[in-house]
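Please study the structure shown below before attempting the exercises. Each task is followed by a worked solution.

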Amino acid sequence: MGTQMSETLGERWSQALSVPSDESLDLGLLAVLIAKAEYTDLDIEGTLAIFNDLAEEVMHAGGEVEDLRHVMFDKYQFRGNQDDYYTAANSYINEVLRLRMGIPITLCLVLMEVGARCNQALAPVSFPGHFLARTQDAEGN
């Protein structure tokens, strides 16, 4: 059974990485697949649905960047894990979604994935000692 699960996970991983050069990788799916390797009972589709549920709330609030910020940080209180920065849970997207806590890169990934589902293009920004997300226009600027 373990081998079949690994093959299925490997196939999903290969499919997620096999995108045409003019398309973006599905970072949310890739993050969930990474988590699935550690949390073998993880429901991939159910975890991805959390992004959709959050995006639905953002859209209900108006769908703007400020609504995204409000839902994610005010309503659900996503935040950095200041008490245990180095815990592995901060690196697994299922745990970040469950605990609403993580490290900058995983929090940015959640924000970008929810934003993308609300037609809010966000881009990652590497900054000395930090990892941020910024808005971008339709041309990617």
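Two exercises follow, both on a predicted model.

**Exercise 1.** Determine how strand β3 and strand β4 are joined, and which residues stand opposite one another.

*Solution.*
Step 1. Locate the strands: β3 covers residues 122-127, and β4 covers residues 130-135.
Step 2. Establish the direction: the two strands run antiparallel, and six bridges join them.
Step 3. Identify partners: F127 has H130 in β4 as its bridge partner, while P124 stands opposite A133.
Step 4. Examine the turn: two residues lie between the strands of this hairpin, and G129 takes a positive phi near 75° there.

**Exercise 2.** Classify the packing of helix α2 against helix α6, and describe the residues that meet.

*Solution.*
Step 1. Locate the helices: α2 spans residues 27-38 and α6 spans residues 104-117.
Step 2. Read the geometry: the helices pack at an angle of about 135°, and their axes are 9 Å apart.
Step 3. Apply the cut-off: only angles over 145 degrees count as roughly antiparallel, and α2 and α6 are therefore oblique to each other.
Step 4. List the contact: L27, G28 and A31 in α2 meet L109, M112 and E113 in α6.
Step 5. Sort by class: this contact of α2 with α6 comprises four nonpolar residues, one polar residue and one charged residue.

Methods: Residues numbered from 1 in each chain as written. Predicted model: local features only at pLDDT ≥ 70, side-chain atom pairs only at ≥ 80, totals over all residues. Heavy atoms only, no water. Pairing = 2+ DSSP bridges. Helix = DSSP H or I, 4+ residues; strand = E, 2+ residues; numbered from the N terminus. Axes fitted to C-alpha atoms, helices over the stretch in contact; angles between N-to-C directions. Parallel < 35°, antiparallel > 145°, perpendicular 65-115°, else oblique. Contact = heavy atoms within 4.5 Å. Nonpolar A, V, L, I, M, F, W, Y, C, P; charged D, E, K, R; others polar.
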